[in-house]
Amino acid sequence: IPEEFILESAYPNPFNPSTTINFGVSESSNVNILVYNVQGQQIESLHDGYIDAGYYSEVWNATNYPSGIYVVRMSTSTGFNSTQKIVLIK
């Protein structure tokens, strides 16, 4: 079990057409993993709900999205927030 909440670097990044987002949850809580475009619009929800403590991964398949920069945001009901940029190259 992780000692703290963590959003690890997506791999691969840049990617085409999918990337894996690994994250750690130090205590059971509600977790949201969301993807935003550069205009700040939410375009994808990779996880939204209660999750037990542990390490997890989500795969984002961006086949239906154009090349560009996207932002992955992880937030929890305990107040943790983290973001990272990812780049889709087709």
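User: How much of the contact network in the protein chain, counting contacts with a separation of 6 or more, comes from residues 24 or more positions apart?

Analyst: Residues 24 or more positions apart supply 56% of those contacts, where a contact means heavy atoms within 4.5 Å. The model is predicted, and every value discussed here is computed from it.

User: What makes the size of the protein chain agree with that of a compact globule?

Analyst: For 90 residues, a compact globule would have a radius of gyration near 12 Å, and the protein chain has 13 Å, which agrees with that expectation. Along the principal axes, the C-alpha atoms fill a box of roughly 35 × 25 × 15 Å. Of the 90 residues, 38% count as buried, and the surface that the protein chain exposes is about 5100 Å², with carbon and sulfur atoms supplying 46% of it.

User: Which elements make up the protein chain, from the N terminus on?

Analyst: The order is β-β-β-β-β-β-β, that is, seven strands and zero helices.

User: Why are strand E1 and strand E5 called edge strands?

Analyst: They belong to an open sheet of three strands, in the order E1-E2-E5 with antiparallel pairing. Strand E1 (6-7) and strand E5 (54-61) each pair on one side only, and this is what makes them the edge strands.

User: How do you know that E1 and strand E2 count as paired?

Analyst: Pairing requires at least two bridges between the strands, and two bridges join E1 to strand E2 (residues 18-25), so the requirement is met, with the strands running antiparallel. One of the residues involved is Ile6, whose bridge partner in E2 is Gly24.

User: What makes E6 a partner of both E3 and E7?

Analyst: The same requirement of at least two bridges applies. E3 and strand E6 (residues 68-76) share six bridges in the antiparallel sense, with Asn32 standing opposite Ser75 in E6. E6 and strand E7 (residues 81-88) share eight bridges, again antiparallel, and Val71 stands opposite Lys85 in E7. E6 and E7 form a hairpin with four residues between them, and in the turn Gly79 has a positive phi of about 100°.

User: Why is Asn37 called buried?

Analyst: Its relative accessible area is 13%, and buried means under 20%, so Asn37 falls on the buried side of the cut-off. Asn37 is found in the loop between strand E3 (29-36) and strand E4 (42-51), and, leaving aside neighbours within four places in sequence, Asn37 is in contact with Ile43, Ile69 and Tyr70.

User: What makes the approach between the side chains of Asn37 and Gln41 a polar contact?

Analyst: The distance is 2.8 Å, and a polar contact needs a pair of N or O atoms within 3.5 Å, one able to donate a hydrogen and the other to accept it. The side chain of Asn37 also has a polar atom that lies 3.0 Å from the backbone nitrogen of Gln39, which is within that limit as well.

User: How many aromatic pairs does a search of the whole structure find, and why is the pair of Phe5 and Phe80 called as it is?

Analyst: The search finds six aromatic pairs. Phe5 and Phe80 lie 5.6 Å apart, centre to centre, with 25° between the planes; centres within 6.5 Å make a pair and planes under 30 degrees apart count as stacked, so this pair is called stacked. The pair links distant parts of the chain, Phe5 being in the segment before E1 and Phe80 in the loop between E6 and E7, 75 residues apart. Phe5 is buried, with a relative accessible area of 11%.

User: Why does the pair of Trp60 and Tyr70 get its label?

Analyst: The rings are 5.3 Å apart, centre to centre, with 70° between the planes, and an angle over 60 degrees counts as edge-to-face, so that label applies. Trp60 lies in strand E5 and Tyr70 in strand E6, so the pair ties together parts that are ten residues apart in sequence. Both residues are buried, and Phe15, Trp60, Tyr65 and Tyr70 form one aromatic cluster.

User: Which residues does Ser26 touch, not counting those up to four places away in sequence?

Analyst: Ser26, in the loop between E2 and E3, touches Ile1, Pro2, Glu3, Glu4, Phe5 and Ala53. The C-alpha atoms of Ser26 and Ile6 are separated by 8.4 Å, although these residues are 20 residues apart along the chain.

Terms used. Residues are numbered from 1 along each chain as its sequence is written. This is a predicted model: local features need pLDDT of at least 70, side-chain atom pairs count only at pLDDT 80 or more; totals for chains, interfaces and linings use all residues. Side-chain values use heavy atoms; hydrogens and water are left out. The radius of gyration is taken over C-alpha atoms; the globule rule is 2.2 Å times the number of residues to the power 0.38. Buried means under 20% relative accessible area, exposed over 50%, partly exposed in between (1.4 Å probe, protein chains only). Accessible areas come from the Shrake-Rupley method with a 1.4 Å probe; for residues, only the protein chains shown count as cover.
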